[in-house]
Amino acid sequence: MASLDVEGIGCCVVQNEDLIRIDATVTSGLEQIAKEEVEEKLGTKVVKRRGRIRFDTPYKDFAHKIQSLRTLENLHVVVADFEKEGLATDSDKDAVLKHFYQLVKTFDWGPAVCAWKTFTGAFPHEPGPPKKKQKIQDSAKDTSKMLERYENIISREDGPDSDKTQDEAADRTESVLSEDAQDSGTAKVVTQEKGMSKMEIFPLQADTQTSSGIQNVATIVKDKASSPCTNLSTDGQDDTNTVPAAVENHGPLKPKFRVTCNRGGAKHSFTSMDAARHFGGGINDDLGWPVDLTKFDIEVVLNIYGDQVTVMIALTKGSLHRRNIQHFGPTTLRSTIVNSMLRIANVQAGEVICDPMCGSGAISIEGGLDFRQCLHLSGDNHECACPRTRANIATINNQRRRSGQGVLPVDTLRWDVGNLPLRDETVDVFITDMPFGKRHGSKQGNWELYRRTVRDMARVCRYSTGRAVLLTEDKKCLNKVLTEYDSLWSKKLVLFIKMGGLDAAIYQLKRTNNPFPKFLEHELLSSKRKQKKMGIPRSERVGEPITEQLGEPITEQLGEPFTEQPGVNMGEEGMEENFGKQTEETPVSRDTST
């Protein structure tokens with residue numbers, strides 16, 4: 001059970017058995033994959049829409065359950081969901097906006113606010129949207145700086161004395177903070193989370209209140225057992241899914257908020273800004289919450305699609321696809337899409353998974369976190385790709401080492417994707433994000449790159465059991481290449497998705513049982529044409545087969561065909577003698593009338 005005193009709402013009480021409705025956004029085209037994951041992990045019914053899924057879950061321990069879902073991007077808790085007839089066709093703008101202003105009084109905000117407080121634990125130290133990181137271009141003048149920065153990160157994170165150095169730094173910081181606290185009138189709070197020490201500075205005055213209406217208590221020491229999502233239940237025992245008691249005892253919660261409106265499905269008489277402004281005005285007047293568009297605590301989301309209206313509170317301030325990567329490249333793949341590709345590949349324990357074009361290592365890192373019983377190989381030809389991947393792996397390994405967990409089973413090296421340094425039939429699954437030809441490479445260069453990639457993957461992949469999951473936007477090129485290599489790969493599934501406004505596709509391929517040949521038919525034909533243009537004699541061409549000319553037997557090219565006289569048995573010597581006479585005496589005659 002959870003109880004929370006909120007400004008404008010009063011005391012909100014939520015039982016563990018109460019159901020809360022979660023609305024989550026997913027990549028368009030992967031709704032079925034996300035639905036299967038939720039049904040598998042939570043065992044609840046899921047309703048899917050375009051780019052979204054919705055499901056109900058009990059309040060008890062819901063935060064830990066939905067945090068284990070890897071294909072979801074943005075999470076919301078639903079406050080109300082209703083349909084207003086005539087909203088899409090009503091031309092009276094003032095009446096519709098007045099209706100949005102009065103909607104606030106009709107909702108029960110308590111369960112949704114309690115769920116938001118439980119999920120977030122406490123107000124973040126840096127509220128508002130995440131800061132945008134400065135993009136580093138892979139130009140010639142910045143390449144050396146990037147490589148040097150990645151090498152410094154790898155040496156710092158993977159060094160043998162990294163843990164000792166960090167502990168010593170933490171001790172020095174603790175002593176400095178203790179001295180500063182006595183001078184500045186502040187207190188230090190040490191947080192223990194899975195072996196990691198975090199230090200927070202709070203005022204010594206217990207009656208000081210923050211801008212969000214929450215008082216800081218300097219004597220609170222949080223550990224793993226008393227996480228932000230803990231509270232005392234009715235029987236006096238700790239419950240892992242409730243609101244901190246320290247917040248409840250110091251007056252009502254008065255969060256700052258903003259309203260975001262998403263509208264579609266019809267041409268309404270009002271704009272999204274008008275709906276957000278009037279709905280936010282109702283919240284400010286009725287609940288008394290202050291408005292802050294940048295450093296907000298609660299983001300209220302108003303979704304309007306046709307006549308359907310949904311009011312939600314955002315649980316996450318940023319998309320969850322940034323959970324693994326710290327050092328981004330120009331074409332880093334989202335972790336949510338990577339997890340969907342892993343589920344499409346149906347990865348099993350003990351298999352070898354390879355990403356031949358790793359970029360930033362998103363596929364191998366996500367696979368190493370979710371499928372620890374597999375070996376993950378990654379590589380790339382770009383000079384910055386492998387150092388960037390190793391830097392990301394080193395950062396995660398350092399975090400896992402602090403929490404007492406093992407390192408990721410991931411290896412990376414630089415290679416040529418068309419000539420992989422791997423033996424035949426050694427990889428079970430290939431998963432990769434192929435270049436689109438926009439930010440990296442070109443559409444023209446994809447024809448040769450895709451052909452070499454698909455060909456060498458067929459050599460390395462295991463026969464009959466091997467699989468490949470490929471993501472690309474250049475569908476025309478990949479379809480043509482797969483048609484040429486249809487004897488080695490069979491197409492099982494194609495999913496069309498939206499990626500940043502691009503129409504991409506995920507191909508699920510299966511390796512056939514045919515062994516990898518030295519020359520394929522279309523490659524032999526292409527080789528003959530190239531050698532012919534180069535002027536190489538036919539007798540010296542590589543891969544030139546011996547074939548008969550149409551309508552002309554081989555014996556006809558040397559003269560008249562042999563005729564054996566009846567009753568005469570010609571041995572090998574007689575045939576050679578007869579053959580020599582024909583070639584010397586009988587000239588080669590050809591019928592040129594046709």
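Here is a short walk through the predicted model shown above, from its overall make-up to its sheet, its cores and its less certain stretches.

Let us begin with the whole protein. The model holds 16 helices and 20 strands, and buried residues account for 43% of its 594 residues. If we take the contacts between residues at least 6 apart in sequence, 73% of them join residues at least 24 apart. As for confidence, the mean pLDDT is 76, with 67% of the residues reaching 70 or more.

A good place to settle in is the open sheet of 7 strands. Following its order takes you through β4-β5-β3-β6-β13-β12-β11, and the pairing is mixed. The edges belong to β4 (46-49) and β11; each has a single partner strand, so one side of each is left without a neighbour in the sheet. On average, neighbouring strands here are turned by 30 degrees against each other, direction ignored. Strands of a sheet pair through backbone hydrogen bonds, in either a parallel or an antiparallel manner. For β12 and β13 the arrangement is antiparallel, with 6 bridges joining them. To find one of these pairings in the viewer, look for Val-301, whose bridge partner in β13 is Met-312.

Two helices are worth locating against this sheet. Helix α1 (residues 31-42) packs on it by touching β4 and β5 (52-58), and the direction of α1 makes about 165 degrees with that of β4. Helix α8, in turn, lies across β11, β12 and β13, and runs at about 145 degrees to β11.

Helix α8 rewards a longer look. With 15 residues (272-286) at 1.5 Å a residue, α8 should span 21 Å, and because its end C-alpha atoms are 21 Å apart, the model agrees with that expectation. Which residues of α8 are buried? They are Asp-274, Ala-275, Ala-276, Phe-279, Gly-280, Gly-282 and Ile-283. These buried residues pack against β11 (257-264), β12 (298-305) and β13 (308-314), and also against α3 (93-102). Just after the helix comes Gly-288, which takes a positive phi of about 80 degrees.

Two residues of α8 lead us into the interior. The largest nonpolar core has 57 residues, and those touching the most other members are Phe-100, Trp-109, Phe-279 and Ile-283. Helix α4 (residues 110-120) supplies the largest share of this core, 6 residues. Ile-283 shows what such a position looks like: beyond its neighbours within four places in sequence, Ile-283 is in contact with Val-104, Trp-109, Phe-257, Val-259, Gly-288, Trp-289 and Val-300. Apart from this core lies another, of 30 residues, which includes Leu-342, Ile-353, Val-429 and Leu-471.

Further along the chain, stop at Phe-516, which sits in the loop between β20 (502-511) and α14 (521-533). What does Phe-516 touch, not counting residues up to four places away in sequence? Its contacts are Arg-455, Ala-458, Arg-459, Tyr-463, Leu-488 and Arg-511. Ser-487 is 29 residues from Phe-516 along the chain, and the C-alpha atoms of the two are separated by 9.4 Å.

Finally, please read two stretches with care. Over residues 544-565 the pLDDT stays under 50, and the model has 19 contacts beyond four places in sequence for them. Over residues 567-586 the pLDDT likewise stays under 50, with 8 such contacts in the model.

Conventions: Residues are numbered from 1 along each chain as its sequence is written. This is a predicted model: local features need pLDDT of at least 70, side-chain atom pairs count only at pLDDT 80 or more; totals for chains, interfaces and linings use all residues. Side-chain values use heavy atoms; hydrogens and water are left out. Helices (H or I, at least four residues) and strands (E, at least two) are DSSP runs, numbered from the N terminus. The expected span of a helix is 1.5 Å times one less than its number of residues. Buried means under 20% relative accessible area, exposed over 50%, partly exposed in between (1.4 Å probe, protein chains only). Contact means heavy atoms within 4.5 Å. A nonpolar core is a set of buried Ala, Val, Leu, Ile, Met, Phe, Trp, Tyr and Cys residues joined through side-chain atoms within 4.5 Å. Two strands pair if DSSP finds at least two bridges between them. Axes are lines fitted to C-alpha atoms, for helices over the stretch in contact, and angles run from 0 to 180 degrees between N-to-C directions. pLDDT is the predictor's confidence in each residue, from 0 to 100.
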